[in-house]
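Let's take a friendly walk through this structure together. Have the sequence and the 3D view ready, and follow along one stop at a time.

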Amino acid sequence: MSILNRLLPKTLSSTLLFVVAAIGAAAAIVVAVQQASEQLLRRDAEGTALTWAHFAESSVEGLQRLLIDGELGESTRRDLVRFRKVQDVFRFKLFDREGRPVLVSDDLDGPAVVGKTQSGAGPAGIGHGDERVKRVVLGGANHIELHANGHNPARPARYSEAYVPLKRDGQVIGVAEVYVDQTERQARVRAAFGTVAAVVFALLAAFAVWGWRRLHSDRIVRERMRYLARHDALSGLLNRTSFGEALREAAWRRSAGGPAFAVLCLDLDHFKDINDAHGHRAGDEVLRQVGARLQTVVQPGDRLCRLGGDEFAILQSGIGSVEAVSQLASRLIAALGAPYEVNNRTLHCGASIGIAISDNEAKNVEELMHQADLALYRAKSSGRGVFGFYDAELDSQREERNRLACDLRQAIGTDQITLHYQPLFKADGRQLIGYEALVRWTHPTRGPLPPAQFIPLAEEIGLIDALGAWVLQEACNAATRWPSHLSVAVNLSAAQFKHGDLVAVVARSLDASGLPAKRLQLEITESILICNTEQVVRTLESLAQMGARIAMDDFGTGYSSLAYLWRFPFDKLKIDRAFTQHLGNDDKVDVIVRSIISLAHSLRIDVNAEGVETEGQIDALCELGCDELQGFLLGRPQPEADLEHRTNPSREARGTPGRSILVTDGLRSSTEADTVG
Ligand code: C2E
Ligand code: CA
Ligand code: CA
């Protein structure tokens with residue numbers, strides 16, 4: 001069986017087994033029926049012969065004389081003639097006790113009737129004492145022979161010869177060989193046994209079919225389970241475990257002088273947006289289609305895997321050159337970038353790919369996968385829809401980032417993280433109206449780090465909620481210590497809107513600090529409104545209802561879509577410092593800023609200009625009708641302890657007409673900040 005299993009596919013071998021078993025069962029049934037019907041016919045023949053003998057013994061006069069002395073009287077002959085055809089008997093022979101033939105019924109009509117001869121040779125040509133007869137005389141079993149008649153027209157199609165004893169007074173005086181016609185009898189027996197055999201065979205066949213199907217469906221279930229253990233159910237691609245095996249095998253071949261190979265880690269871009277906007281079913285369908293597209297792009301020997309979520313991996317085997325890998329990556333990106341039709345909707349999502357090649361100095365496949373992962377990370381952060389190869393420098397950057405992430409985790413809640421406050425002034429009269437809270441991290445070994453370095457990191461590693469909540473609470477607490485007309489502005493990152501409890505976090509900060517909501521200003525950037533606008537707008541509405549004021553930060557840098565301005569009634573719009581910088585030098589910038597201000601005013605939105613560094617900029621902004629000013633010239637971000645809450649003197653009052661201060665980084669030139677503030 002085990003050899004059969006090895007040689008043949010499972011289903012085929014089990015089918016074969018059943019066919020062989022069925023044939024065997026059928027043959028056994030046929031043999032059994034054959035034997036049983038023969039047995040029955042023998043008994044029938046014997047019974048008929050015994051009855052015949054019994055009658056012959058009692059009714060044939062002179063039978064004893066005939067058998068012992070070989071004398072056949074006329075009356076005996078007449079009697080015997082009557083016995084030639086009784087019921088199914090159509091012929092008979094008589095033998096004496098020694099088995100010598102005495103008489104054959106066929107000869108009863110002839111002139112010379114057989115008599116017993118001393119030599120034992122009878123007229124029928126039968127020789128010395130017949131052994132069969134001797135056995136019957138000696139008291140053994142009666143001898144029965146079944147015959148099927150092919151040619152002899154004088155004989156029935158089916159008959160038996162039964163050797164039975166002839167007795168007188170309990171003594172055997174001879175033996176009769178009685179020919180019994182069993183043609184009809186056999187037909188009846190055959191019919192009866194045939195029916196029984198057919199029923200038995202049908203039952204066996206039904207049982208066999210049931211058994212086979214049972215075995216077959218068990219096998220299908222087992223095969224399905226084995227398949228699922230190795231494949232991803234959604235996409236039908238290999239799962240992580242079996243992909244790892246394929247990788248190890250490729251690595252082993254490589255170490256034994258086999259071909260080089262590449263690992264491509266692939267991650268879908270904006271897949272999360274599809275899931276969020278269209279639901280998980282649509283997301284699953286996209287993943288299925290991605291799996292199918294991947295299969296059309298790779299070569300036959302390549303292996304495909306879904307690592308989980310929207311991450312896939314490809315093992316490209318037998319690569320001849322790096323160029324071949326780049327070509328595959330380009331083809332993959334092109335294939336996955338085409339639109340997806342899902343439920344009559346057209347969805348878009350691209351892919352980024354990171355690649356590691358077997359001949360990098362990776363020690364094992366885990367390290368190779370890690371390298372491809374690092375390359376993917378870099379590809380994603382350098383803009384999506386691209387591929388990149390691993391290089392060692394990447395590794396150290398990544399390690400550096402991991403260390404920083406670890407440090408940041410520990411820094412939150414300690415005095416390494418603090419807030420600085422940058423003053424905001426009314427453009428008209430330079431009255432101080434509040435401060436923008438800006439977070440600072442003084443790293444124990446690296447010193448002060450700019451928010452641009454750790455805010456994105458906090459977003460990425462999921463720390464932004466904790467950090468943002470801390471900033472909110474700290475800023476609200478600080479503002480309660482300031483004169484009551486001063487407000488505090490807090491920056492919110494897009495990630496804080498994702499988890500839905502921002503409203504509660506803000507409410508808690510106000511509650512705990514006792515700061516009136518109207519003194520809190522929340523700054524958001526356009527990027528928040530790009531995806532999932534409905535939810536964001538609802539959150540903003542709740543915050544506004546609470547009484548907080550909402551400002552749009554960095555206006556003009558991102559998508560600058562004016563559409564966002566009417567989607568939500570902002571209280572304030574902050575013109576990015578990139579515009580402020582060029583005011584007065586570039587007519588086009590003047591025109592843009594003028595239109596932004598007039599548009600905002602027509603929507604009853606106040607305008608703040610960030611990054612004011614020169615008196616010329618102040619003049620231009622005032623002339624354009626800007627409402628608020630903020631910048632190093634008027635005040636740098638400072639720790640709370642250093643705040644003086646003073647109105648900023650005008651140019652005339654300071655007596656420094658047109659003074660221009662060139663400062664680029666508030667963090668690195670704090671001494672200069674002191675002189676400005
Ligand atoms: P932002 O909200 O636009 O903040 C203003 C940034 O411009 C601050 O940089 C400030 O120091 C700088 N700045 C102000 N006036 C001038 C000027 O006249 N010239 C120049 N060159 N720069 C000026 P900072 O503190 O490095 O913050 C950078 C960004 O980090 C902020 O930009 C804000 O987007 C983000 N950020 C800061 N604190 C937080 C925070 O607590 N939470 C969140 N989510 N983001 C924050
Ligand atoms: Ca801001
Ligand atoms: Ca800004």
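A residue counts as buried when its relative accessible area is under 20%, as exposed when that area is over 50%, and as partly exposed in between. Keep this in mind as you look around, and remember too that the model is predicted.

Let's begin at a metal site. Which residues coordinate the calcium ion that is ligand 3? They are Asp553 and Asp554, each through an OD atom, and Glu610, which is listed twice through OE, with distances of 2.1 to 2.4 Å. Along the sequence, the donor residues of this ion follow the spacing D-D-x55-E.

Now compare the two aspartates. Is Asp553 buried or exposed? Its relative accessibility is 7%, so Asp553 counts as buried. Asp554 has a relative accessibility of 24%, and because partly exposed covers values between 20% and 50%, Asp554 falls into that class.

Asp553 has another role to notice in this picture: it coordinates both the calcium ion of ligand 3 and the calcium ion of ligand 2. These two ions are 3.9 Å apart.

Next, turn to ligand 1. There are 23 residues around this ligand, and those that come nearest are Gln422, Arg440, Arg577, Glu613 and Phe632. Sorted by class, the shell has ten nonpolar, six polar and seven charged residues.

Some side chains place an N or O atom beside an oxygen atom of ligand 1. For Arg440, the distance is 2.9 Å. For Asn491 it is 3.0 Å, and for Glu436 it is 3.1 Å. How much of ligand 1 does the protein cover? On its own the ligand has 790 Å² of accessible area, and the protein covers 86% of it.

Three elements give two or more residues to this shell: strand β14 (432–443), helix α13 (451–460) and strand β18 (549–555). Of these, β14 gives the most, with four residues.

For a last stop, move back along the chain to a pair of strands. Strand β1 (residues 89–96) and strand β2 (residues 101–104) run antiparallel and are joined by three bridges. Within this pairing, Lys93 of the chain stands opposite Val104 in β2. The two strands form a hairpin, with four residues between them. In the turn you can find Gly99, which has a positive phi of about 90 degrees.

Technical notes
Residues numbered from 1 in each chain as written. Chains lettered and ligands numbered in written order. Predicted model: local features only at pLDDT ≥ 70, side-chain atom pairs only at ≥ 80, totals over all residues. Heavy atoms only, no water. Donors = N, O, S within 2.8 Å, 3.2 Å for Na, K, Ca; no water. Buried < 20%, exposed > 50% of the residue type's maximum accessible area, 1.4 Å probe, protein only. Pairing = 2+ DSSP bridges. Near = heavy atom within 4 Å. Polar contact = N/O pair within 3.5 Å; in protein donor to acceptor, adjacent residues only side chain to side chain. Areas by Shrake-Rupley, 256 points an atom, 1.4 Å probe, with all protein chains shown as cover. Nonpolar A, V, L, I, M, F, W, Y, C, P; charged D, E, K, R; others polar.
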